[in-house]
Amino acid sequence: MNPIKLFCTFSVLLCTSVLFAAESGEGYATPVYLDKTKSPQLRAEDLATRMTLEEKVSLLLFDSRAVDRLGIPAYNWWNEALHGVGRNGDATMYPMPIGMAASFDEDLLRTVFSQVSDEIRVKNRIARSRGEGSRQYEGLSFWTPNVNIFRDPRWGRGMETYGEDPYLMSMLGGAVVDGLQGTDPEHLKCLACAKHFAVHSGPEYSRHSFDAHVSQRDLYETYLPAFKYLVTEKNVQQVMFAYNRFRGVPCGASTELLRDILRDEWGYKALVVSDCGAVDDFFVPGRHDYVGTAEEAAAASVRAGCEIECGGVFRSLVSAVEKGLISEDEITTALVHNLTARFALGDIDNESIYDTLIPDSALCCDLHKATSLQMARESMVLLQNRGGILPLAPDAKVALVGANADDVEMMWGNYNGIPAHTVTLLEAMRNRVPDICHVRGCELVLDEISPERMEEILLRLEGIDTVIYAGGLSPRLEGEEMPVSVPGFRGGDRTSIELPECQRNFLKALHDAGKKVIFVNFSGSALALLPETETCEAILQAWYPGQEGGTAIADVLYGDFNPSGKLPVTFYESDAQLPDFEDYDMAGHTYRFFTGEPLFAFGYGLSYTDIQVLKVKKRFGRVVVKLRNNGPAGGSEAVQLYVRKPGDTAGPIKTLRAFRKVELPAGKTKRVVFRLGKEVFEWWSEEGGRMKPLAGDYEILVGTSSRDADLTVLPVRFRG
């Protein structure tokens, strides 16, 4: 800190202490808010009483200004860590969340976000050393994880989530919270944030005016479980409300969501944050049209439970108090949650135990790079491998084609930082085959290849039998509320899940020319690839794999790493299998309610070895699974346990309730044990109107994917 500024701050604090002591008649006792032996909440309660209304209101804005007379530094609540520290220069970039979900590896994901929180602690310490507080993207309050259900593959932001299953989302979202917040409740490492509460999964183009209506069963069975788990089991310190309305009321003004469910039913005590500009939607004409003025919008949001606004509407809270729309006491209550978090982070004291525990050298270190590589490897899902074309022989003569072969920014996904170096697939392949033939081929969209141009491309590929095609999508096409309007895409979402026609035709032309095609599909969402199962020998789903993605893909293609990824979303055959995008009723959506045959099922993924489930037994309230690796190589398998309730025609066809990722050397066997606790039999109770452990007859399904052919079924009676 600047020495002059430090002296001035100390003088202000000293004068404040003396003034307080004189007013209280307690000699020179330390004010509670300056007493570091007191709890963060007690200190916050004391500090809030010493502030003017204008000061209180200023601290409820995301870009909180300094209150110098009380020693409160400036603080910006907006920071991003979707898959690495975002928008703040150098940072290790891991795969997009949907890719990390494909790992089915809770422990590795927890490690990833522990490393992410290490890196922001370094960056925050550097920022605080300026003596100016933290600026945007420098604070310790991350607005992640996104635990909205990936209800429909057309939703552009689905790649920010951990898939379409509530249990998988809960477990992986919980691992993110663990890694970010640390294990010491009195000294929070960072703040995680469960977003966007609630019932939001597109469309992006109408999110500022959309009104989501769902049944009470769908609400509690599908849309709320991950939020509840993060609140009740993981002590997440922020919940961000969504843009849309829920049952006619903006989520940020919904007492049903923010009071009745979040606070009263779940006992949430921490912060509620607005999405950016969401409070504007309450009154801006043509959006929600919920209230008429900024004062009414701000008052409604604070009354419902919001304590930090990303925007500027809360500035009108001063006039809202003057007009009698809200009381100052209500604003003080909101502020206490706000200040409690800042004391727990060490922000107001400008010191933390993490300042000495985490060295500057942690930023972009080799260990983090290695973890990014491992996560990228584990995220790869091998969807097809006809004729065992993979793994490639070391001396295989191959060419690399496609617009995504050398696109650095595509590898990062969105909400990204800037890695010191990113390994594209082209670089990784050149490291193995220095003289590899590389042809860009067609672009991702709107680039039909003429016969003459195709002839030129094939001439360059002459003598090469196997072509690695790097195609799919790009975060320039799918994502959050984007100005994109080309066939198949709208505003960040997709209007079709089919592979863009120009790529489909190009792959067919390669196939018709006698080439064996290995399709490396980069995307943040599922594509309909039915024709590609005919024109391509192999299909590898690579997602947006982060800074080490090229190396990870090459490792899988050449067999240096045995693929173990599993789909966290359903890959449908075609658009015809999808319900209306704007229909939030779960019927027909996701593997849990889809009655057709998908192209590739949730939980599906191939390996280069043959790991089989030999036996499944129920014993003493447990399910014991015996696995054997009959193949030639070691590998990993994500064993999955599903539950269904026969006779419940309105409920899910099956739903994931446990998974375990295990490594298995060639020729070895291993036992996996799942405990059948009451949480496994949590089911919808019509009588209670909630999810609860419900007595009755169930089926336990255990195997290597959600496909019936991959599952062993055990009947179970749960007595409650």
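Where is W543 found? In this predicted model, W543 sits in the loop between strand 16 and helix 20 (549–557). Its backbone is notable on one count. W543 has a positive phi of about 55 degrees although it is not a glycine. Most residues other than glycine have a negative phi, and most peptide bonds are trans. The relative accessibility of W543 is 0%. The cut-off for burial is under 20%, so W543 counts as buried.

R247 also departs from the usual sign. Its phi is positive, at about 55 degrees, and R247 is not a glycine. This residue lies in the loop between strand 6 (245–246) and strand 7 (249–250). Its relative accessibility is 26%. Partly exposed residues fall between the 20% and 50% limits, and R247 is therefore classed as partly exposed.

Strand 16 (residues 538–541), which precedes the loop of W543, pairs with strand 9. The pairing is antiparallel and runs over four bridges. L382 has L540 of strand 16 as its bridge partner. Strand 9 spans residues 381–385 and is mostly covered. Five of its five residues are buried. The loop between strand 9 and strand 10 (398–401) contains P391. The peptide bond from L390 to P391 is cis, with omega near 0 degrees.

A cis peptide bond also joins T144 to P145. Here omega is near 15 degrees. P145 belongs to the loop between helix 5 (106–128) and helix 6.

Helix 6 covers residues 166–181, 16 residues in all. The distance from its first C-alpha to its last is 22 Å. That is close to the 22 Å expected at 1.5 Å a residue. An α-helix has 3.6 residues a turn, so residues three or four places apart point the same way. Helix 6 is mostly covered, with 14 of its 16 residues buried. D165 caps the N-terminal end of the helix. A side-chain oxygen of D165 lies 2.8 Å from the backbone nitrogen of Y167. Just after helix 6 comes G182, with a positive phi of about 80 degrees.

Further along the chain, four strands form an open sheet. Strands of a sheet pair through backbone hydrogen bonds, either parallel or antiparallel. In this sheet the order is 20-19-24-25 and the pairing is antiparallel. Strand 20 (655–664) and strand 25 (711–718) stand at the edges. Each has a single partner strand, so one side of each is left without a neighbour in the sheet. The twist averages 20 degrees from one strand to the next. Strand 19 (residues 635–644) pairs with strand 20 in the antiparallel sense over nine bridges. Within this pairing, S636 has E663 of strand 20 as its bridge partner.

Internal space was also examined. Rolling a probe the size of a water molecule over the atoms shows where empty space is left. The count comes to one cavity of 30 Å³ or more. The largest cavity holds about 40 Å³ of space. Its lining includes F150, R151, D152 and P153, together with E164. A526, V569, T570 and Y572 also line the largest cavity.

Technical notes:
Residues are numbered from 1 along each chain as its sequence is written. This is a predicted model: local features need pLDDT of at least 70, side-chain atom pairs count only at pLDDT 80 or more; totals for chains, interfaces and linings use all residues. Side-chain values use heavy atoms; hydrogens and water are left out. Buried means under 20% relative accessible area, exposed over 50%, partly exposed in between (1.4 Å probe, protein chains only). Helices (H or I, at least four residues) and strands (E, at least two) are DSSP runs, numbered from the N terminus. Two strands pair if DSSP finds at least two bridges between them. The expected span of a helix is 1.5 Å times one less than its number of residues. A polar contact is a pair of N or O atoms within 3.5 Å; within protein, one must be able to donate a hydrogen and the other to accept it, and residues adjacent in sequence count only if both atoms are side-chain atoms. Axes are lines fitted to C-alpha atoms, for helices over the stretch in contact, and angles run from 0 to 180 degrees between N-to-C directions. On a 1 Å grid over the protein atoms alone, a cavity is a set of points where a 1.4 Å probe fits but cannot get out, and a pocket is an open set with protein on both sides within 12 Å along at least five of seven lines; lining residues have an atom within 4 Å of a point. Grid points are joined across faces, edges and corners, and a volume is the space filled by probe spheres set on the points.
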